[in-house]
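This report examines one helix and its surroundings, and then turns to the contact between two chains.

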Amino acid sequence: MSDWIEACAADDIDEEDVLRFDHAGRTFAIYRSPEDEFFATDGLCTHEQIHLSQGLVMGDIIECPKHNGRFNYKTGAARGAPVCVNLRTYPVKVDDGKVFIRMAD
Amino acid sequence: MTVTPSARDYSLVGESARRAVESGLAAAEWYHTDIPRKQMKELMQRSDAPAIRDTAIWLGLLVAFGAAGAALWGSWWCVPFFLCYGVLYGSATDARWHECGHGTAFKTQWMNDAVYQIACFMIMRNPVTWRWSHTRHHTDTVIVGRDPEIAVMRPPDLLRVVLNFFGLLDAWHAMVDMVRNAAGVIGKEEATFIPESEQPRAIRIARIWLAIYLATIALALYLGSWLPLMLVGLPRLYGAWHHVLTGLLQHGGLADNVVDHRLNSRTVLMNPVSRFIYWNMNYHVEHHMFPMVPYHALPRLHEMIKHDLPAPSQSMWAGYREMLPAFLRQLRNEDYFIKRELPPTARPYREEFHSEAALAAQ
Ligand code: FES
């Protein structure tokens with residue numbers, strides 16, 4: 001399955017912020033960067049299954065609300081303890097003011 | 001004489017740990033007060049300015065008091081200077097280690113890391129080990145068998161508490177751990193929360209610290225003077241009292257094995273000097289509920305959510321008047337705890353979290 005799924009309206013997310021998106025039993029985090037680009041990752045922290053959508057976006061970084069672990073949400077790279085495992089990222093496109101993400105299988 | 005064994009096994013690899021995992025108490029979902037996202041984002045915002053100011057004051061005073069104490073060494077006039085130096089070395093570092101470990105004190109990450117390393121050395125907490133133990137403390141706050149940072153276990157060991165006002169047991173354990181780590185050995189309990197990939201770093205730091213302490217001892221022997229140790233190492237003992245005084249209040253006498261920080265943590269209103277030393281960790285319920293909020297924003301967070309929290313203790317004195325009798329009762333009945341009252345405006349506790357403990361405490 002490689003369909004684009006509509007996640008939200010672009011305006012639903014402030015610049016430098018994140019939004020939770022649940023779909024087909026899975027949860028994702030959609031980010032809007034300070035440069036007004038959109039990104040998507042798995043919604044749960046790889047440390048302890050906490051929703052990243054409650055966290056803080058700072059530049060390229062999402063900080064997890066539970067233990068302040070950090071990821072680069074553009075690449076998914078783990079960037080600060082206690083997270084050690086990278087986050088999975090998903091392709092995103094914006095069409096007609098709507099944000100779509102493509103889920104790999 | 002028959003001694004009834006405690007039902008609580010504080011080992012991280014013991015029976016209570018196993019039960020906590022089995023019952024779902026470990027890594028559970030905790031209660032949070034609702035805060036609109038916009039306000040939460042404002043509270044979480046990072047800034048370098050407050051922590052740079054506070055760190056300049058802290059280090060400036062540390063150097064000034066240390067230099068004055070050293071200059072007056074040999075006369076009684078050095079005593080007040082070392083008393084102040086000791087608190088800045090052996091107590092203020094407890095809060096600086098903690099805040100910078102969360103990465104919230106400064107906006108700039110290397111500043112958090114630098115102060116974290118300095119403070120860890122002074123408070124004698126291996127920066128790798130304690131980063132991970134504190135992570136567990138936030139996941140499983142006061143869950144018996146899971147939380148490695150429970151200061152007063154039940155039934156309370158009051159002698160241990162008193163000795164720690166002088167840092168005696170903590171420093172002793174820290175030294176034993178440092179030597180063991182420096183020898184390349186990670187303990188069984190440490191291995192439950194430090195990932196394998198991080199363990200070599202814990203060992204490397206223990207070796208560096210050991211070298212610093214050995215050099216300090218060698219200098220003291222060479223000079224035939226205690227002065228080098230009065231400046232490095234011993235302040236962890238003679239200056240520990242303030243961090244123990246404030247730290248005991250964080251969870252002392254309150255419920256264990258519950259997943260609502262309103263039940264197991266205590267917010268205490270304090271004088272400005274203690275709040276500076278303690279970097280606002282007196283807002284402890286707030287800190288545990290929202291660890292993303294930097295220390296300098298905790299008073300604002302407190303104002304925002306106090307309608308949903310038990311009333312704070314009005315002073316350290318009031319906190320101790322509540323906590324000490326609870327410790328004494330726990331000597332006879334370790335299941336006893338203080339059940340904090342919520343204001344009528346608060347969302348109620350989920351009673352099932354502590355109904356068993358409450359029954360046992362009757
Ligand atoms: S759950 Fe995200 S850092 Fe621990």
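The model discussed here is predicted. Helix α7 of chain B comprises 13 residues, 127–139. At 1.5 Å a residue these should span 18 Å, and the end C-alpha atoms are 18 Å apart, so the expected and computed spans agree.

**Burial and capping of the helix**

How many of the residues of α7(B) are buried? The helix is mostly covered, with 11 of its 13 residues buried. At the beginning of the helix these include B:Pro127, B:Val128 and B:Thr129. The buried residues also include B:Trp132, B:Ser133, B:His134, B:Thr135, B:Arg136, B:His137, B:His138 and B:Thr139.

The cover over these buried residues is provided by parts of chain B that include α5 (92–102), α6 (109–123) and α9 (168–182). Also included are α10 (190–193), α11 (199–223) and α17 (284–289) of chain B.

The N-terminal end of α7(B) is capped by B:Asn126. A side-chain oxygen of B:Asn126 lies 2.9 Å from the backbone nitrogen of B:Val128, a residue that is itself among the buried ones.

**A buried residue within the helix**

B:Thr129 is located in helix α7 of chain B. Its relative accessible area is 7%; because buried means under 20%, B:Thr129 counts as buried. Setting aside residues up to four places away in sequence, B:Thr129 touches B:Asn181, B:Glu190, B:Phe193, B:Ile194 and B:Ala202.

**The interface with chain A**

In the interface, 17 residues of chain B are in contact with 22 residues of chain A. The area buried between the two chains is about 1500 Å², and carbon and sulfur atoms give 52% of that area. The count of salt bridges between chain B and chain A is 4. In one of them, the side chains of B:Arg37 and A:Asp17 meet at 2.6 Å, N to O. Across the interface there are 13 residue pairs in polar contact, with both residues at pLDDT 80 or more.

Which elements of chain B give two or more residues to the side that touches chain A? They are α2 (37–44) and α7 of chain B. The largest share, 5 residues, comes from α7(B). The classes of the residues on this side of chain B are set out below.

| Class on the side of chain B that touches chain A | Number |
|---|---|
| Nonpolar | 5 residues |
| Polar | 8 residues |
| Charged | 4 residues |

Helix α7(B) is thus mostly covered and also gives the largest share of the side of chain B that touches chain A.

Methods:
Residues numbered from 1 in each chain as written. Chains lettered and ligands numbered in written order. Predicted model: local features only at pLDDT ≥ 70, side-chain atom pairs only at ≥ 80, totals over all residues. Heavy atoms only, no water. Helix = DSSP H or I, 4+ residues; strand = E, 2+ residues; numbered from the N terminus. Expected span 1.5 Å × (residues − 1). Buried < 20%, exposed > 50% of the residue type's maximum accessible area, 1.4 Å probe, protein only. Contact = heavy atoms within 4.5 Å. Polar contact = N/O pair within 3.5 Å; in protein donor to acceptor, adjacent residues only side chain to side chain. Buried area = accessible area lost by both parts, 1.4 Å probe. Nonpolar A, V, L, I, M, F, W, Y, C, P; charged D, E, K, R; others polar.
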